[in-house]
Each structure stands twice: as C-alpha cells, then as structure tokens.
Amino acid sequence: MPWLHVSPDSDFSLQNLPFGIFHTGDHRPRAGIAIGGHIIDLEVAAETGLFGKRRFFKKIFAQATLNEFIALGKPVTNRIRRKVREWLERSATPENALQILADRKTATMLMPIRVPNYTDFYSSIEHATNVGKMFRPDNPLLPNWRWMPVGYHGRASSIVVSGTPIRRPSGQILVPGGEADTPIFAPTRQLDFELEMAFVIGKESTLGEPITVENAEEHIFGLVLFNDWSARDIQRWEYVPLGPFLGKNFGSSISPWIVPLEALKPFRVKSPKQKPAPLEYLKTKGLKNLDIELAVTLTSPKNNAATLLCQSNTKYLYWSMAQQLAHHTVNGCNVQVGDLMASGTISGPTPDSYGSMLELSWGGRNPITLNDGTTRTFLQDG
Ligand code: CA
C-alpha cells in the first residue's frame with residue numbers, strides 16, 4: 001500500500017480489517033472496514049463494483065446495522081474482507097481511494113449490530129475465585145464451576161456503543177452501620193467496570209437442536225471488547241437466589257469494531273488444562289483459546305491523564321467460546337444473528353491483572369492511587 005500510510009503500531013492493519021457502522025456528519029449510517037486512520041466506506045466500494053452485484057451489496061452496506069450482512073454467512077463476509085485486502089494491496093489508485101476512504105477522525109461510530117439476546121458467562125477461574133472469596137469466604141468456587149461454563153441471561157436493550165454516556169444507577173443498597181437486612185434507596189456507591197470480550201453470533205440455530213462443540217465456531221462471526229458496567233452494592237443485596245439483575249442491566253458498552261474470528265487465527269492458543277475433564281459434550285481438541293492482550297486505563301478529570309489499572313489476557317479464560325456456545329445450546333436453546341455472548345470478567349493470576357475495581361481494590365479495602373495523586377476504590381462521576 002505505497003499510497004496509504006498505516007503506522008506499524010496501528011490497531012487496524014491489513015491482518016484484522018474489522019467491520020463497523022459509521023456516519024460522517026451526514027447521519028447516514030453505513031458499513032465500513034477500518035484500516036489505519038481510515039475507514040473503507042463499503043457502500044461506496046460496492047457502488048464502484050469492487051464486490052460484484054453492485055445493487056445488492058450497496059443495499060446491504062447502506063444499513064444501520066451489520067446483521068443482514070453477517071447473516072449472509074462466512075463465505076460472503078470473508079470474501080468481502082479478501083476483496084478489500086486485494087484492493088488495498090494491488091488495485092487501488094489514489095483517485096478511487098479518495099472516493100472510498102473516510103477519515104476515522106471525522107467519523108462517528110455507531111452501534112454495529114442489533115442485539116436480539118445477550119448472555120454473560122463467568123469463565124475466568126481467577127475472577128470467579130476472587131469474587132467468591134469476597135462474597136462467600138468459606139466457599140469461593142462453587143462445585144458446579146469446573147463442570148460447566150456458568151452464565152446468566154443479561155439485558156440486550158441497554159448494550160451501547162463505546163462512548164455512550166452511562167448514568168450512575170440508583171437502587172436498593174445496604175449501607176455500613178445501617179440496620180441489618182434493611183436497605184436504603186440511593187445512587188450506587190460502588191460503580192465498577194468489568195473487562196470482558198464478547199462474541200457475536202453470525203449463524204442462527206434451530207430451537208430444539210444443540211450446537212455441538214465441534215461446530216460452535218461456525219456460528220461465531222467475530223469479537224468485540226465488552227465493558228459490563230456493574231453496581232456492586234446493588235448486586236450484593238439482590239443476587240441471591242436468581243443472580244444479577246439491576247446491578248448489571250443499566251448498561252454495557254461494546255467496541256464499535258467487530259474483529260472477525262478468522263482474523264484472530266494467528267493468536268490461537270490452547271486453553272488452560274481443565275480438571276476434572278469436562279463431560280463429553282464439552283470436550284474439545286486443538287487451539288480453542290485466544291492470546292489477546294487487554295488493558296484498562298482510567299482517565300481522571302483532574303489532569304485528563306490515563307492511569308493503567310490492569311493488564312490481562314483472554315488466554316487465561318478457563319472455558320473457551322466453543323464450550324460456552326455448546327453448553328448454552330445443549331438443552332435446545334436457539335441463537336440468533338447478532339446475539340452477544342460475553343466472556344465474564346477476564347482476570348489473570350496476579351493482582352495487576354484483575355479485570356474489575358472490585359478485585360483491584362479488593363472489595364474497596366485497598367484504594368488505588370491514580371497518577372494525579374487521587375485515589376479510587378470504585379468509579380466516580382465523570
Ligand atoms: Ca460480567
């Protein structure tokens with residue numbers, strides 16, 4: 001790509017070419033692929049005939065979500081990426097590049113998919129053990145945890161694209177020094193993030209028919225970053241016996257770009273050793289996990305500077321995406337295109353790899369010092 005400068009440390013290289021939905025101030029949402037500081041406008045690219053079937057692809061890409069495109073299946077979605085890569089490497093001229101490329105700096109990124117259903121897993125053994133220690137000191141890891149990818153059905157309506165403001169939720173909380181088992185109604189005092197990744201379903205399944213662990217990845221289109229905002233004080237009071245509810249469903253943020261699963265092939269690694277060996281329907285072979293470095297920074301409004309809070313990695317996850325999806329559907333539950341399945345907080349083995357404030361400040365007991373000198377146990381406004 002001699003005519004297009006892509007910095008070698010750019011998040012968006014020829015290798016990943018992720019999909020998203022954007023507009024450029026005209027409020028006309030359309031599909032794009034990120035490359036360096038640019039967006040390939042897929043609607044315009046379709047119009048120039050880059051993908052064949054001009055009218056068909058122009059209509060597919062001139063939409064507010066990627067669902068219809070994703071539903072065309074991997075042969076089509078992968079062909080579009082291949083065509084774009086070939087165009088970038090060989091065919092593009094500066095003239096038609098000007099027509100097809102938008103500047104990422106002037107683009108507004110939108111929610112890339114309509115999410116029919118959202119499920120949140122709990123697949124990091126380090127996170128489950130840490131939270132268990134704080135909520136149930138005698139019994140941190142419940143007996144079912146090593147037998148199945150534990151999860152719950154979350155709320156799809158409040159999933160938003162990164163950058164969308166999240167309002168601090170109010171709810172029932174128990175306050176220290178208050179009357180035993182008598183809550184007050186107040187804004188959460190323990191607002192938290194959860195460092196997660198989520199996969200996007202690209203192929204629906206039929207009610208009553210499980211997806212096998214071998215076929216599971218055929219149903220996965222790609223991955224996004226996922227922040228599962230949480231209100232710990234609301235969560236602590238409400239979560240027994242039916243699990244998370246208002247402490248979780250007030251908002252989750254996803255990254256605007258979806259990285260297709262195929263682009264992550266170079267980062268394939270083995271999952272951690274599973275003991276006891278899983279039941280037959282969850283047994284997998286080969287490289288089912290991903291080695292993706294993750295980090296969380298917190299920006300203080302005082303000096304507008306970011307402090308690194310943690311560094312983690314998807315390779316720590318005990319249960320793989322294939323196992324999550326096989327377990328989710330083993331009873332016949334069906335999935336739909338655009339469904340999001342989040343990993344659960346991805347914590348690593350060391351305290352600097354914990355993926356939530358709950359763990360980093362150990363339940364609020366150990367304040368974290370930011371680089372402006374102030375401290376946090378949970379998140380403040382702004
Ligand atoms: Ca979560």
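Q: Where does Asp 181 lie?
A: Asp 181 sits in the loop between strand E9 (170-173) and strand E10 (184-187), where helices (H or I, at least four residues) and strands (E, at least two) are DSSP runs numbered from the N terminus. This is a predicted model, in which local features need pLDDT of at least 70 and side-chain atom pairs count only at pLDDT 80 or more, while totals for chains, interfaces and linings use all residues. Residues are numbered from 1 along each chain as its sequence is written, and side-chain values use heavy atoms, with hydrogens and water left out.

Q: Is Asp 181 buried or exposed?
A: Asp 181 is exposed, with a relative accessible area of 61%; buried means under 20%, exposed over 50% and partly exposed in between (1.4 Å probe, protein chains only).

Q: And what is its phi, for Asp 181?
A: Asp 181 has a positive phi of about 55° although it is not a glycine. Most residues other than glycine have a negative phi, and most peptide bonds are trans.

Q: What about Leu 17, what phi does that residue have?
A: Leu 17, also not a glycine, has a positive phi of about 40°. Leu 17 lies in the segment before E1 and counts as buried, at 0% relative accessibility.

Q: Which residues do cis peptide bonds join?
A: One cis bond joins Val 240 and Pro 241, with omega about 5°, and Pro 241 is in the loop between helix H7 (232-238) and E15. Another joins Lys 275 and Pro 276, with omega about 5°, and Pro 276 is found in the loop between strand E17 (268-269) and strand E18 (289-290).

Q: Which residues form the positive surface patch that includes Lys 275?
A: The patch is formed by Arg 146, Lys 270, Lys 273 and Lys 275. Patches are made of residues with over 30% relative accessible area and no salt bridge, like charges being joined within 9 Å and nonpolar side chains (Val, Leu, Ile, Met, Phe, Trp, Tyr) within 5 Å. Arg 146 is in the loop between helix H6 (125-135) and strand E7 (151-153), and at 32% relative accessibility counts as partly exposed.

Q: Switching to salt bridges, how many are there?
A: The count comes to 14 salt bridges, each being a side-chain nitrogen of Lys or Arg within 4 Å of a carboxyl oxygen of Asp or Glu.

Q: Which side chains does Arg 28 meet?
A: Arg 28 meets Asp 26 in a salt bridge at 3.9 Å, N to O, and Glu 43 in a salt bridge at 2.7 Å, N to O. Glu 43 lies in helix H1 (residues 42-47) and Arg 28 in the loop between strand E1 (19-23) and strand E2 (30-35), so the pair ties together parts that are 15 residues apart in sequence. Glu 43 counts as buried at 7% relative accessibility, whereas Arg 28 is partly exposed at 39%.

Q: Which residues join into one network through shared partners?
A: Salt bridges that share partners join Asp 26, Arg 28, Arg 30, Asp 41, Glu 43 and Lys 58.

Q: Last topic: how many residues has the largest nonpolar core?
A: The largest nonpolar core has 54 residues, and those with the most contacts inside it are Phe 193, Phe 199, Leu 223, Leu 309 and Leu 325. Such a core is a set of buried Ala, Val, Leu, Ile, Met, Phe, Trp, Tyr and Cys residues joined through side-chain atoms within 4.5 Å.

Q: Which element gives the most to this core?
A: H6 gives the most, with 5 residues.

Technical notes
Areas by Shrake-Rupley, 256 points an atom, 1.4 Å probe, with all protein chains shown as cover. Lys, Arg positive; Asp, Glu negative; His and termini not counted. Charge placed at Lys NZ, Arg CZ, Asp CG, Glu CD.
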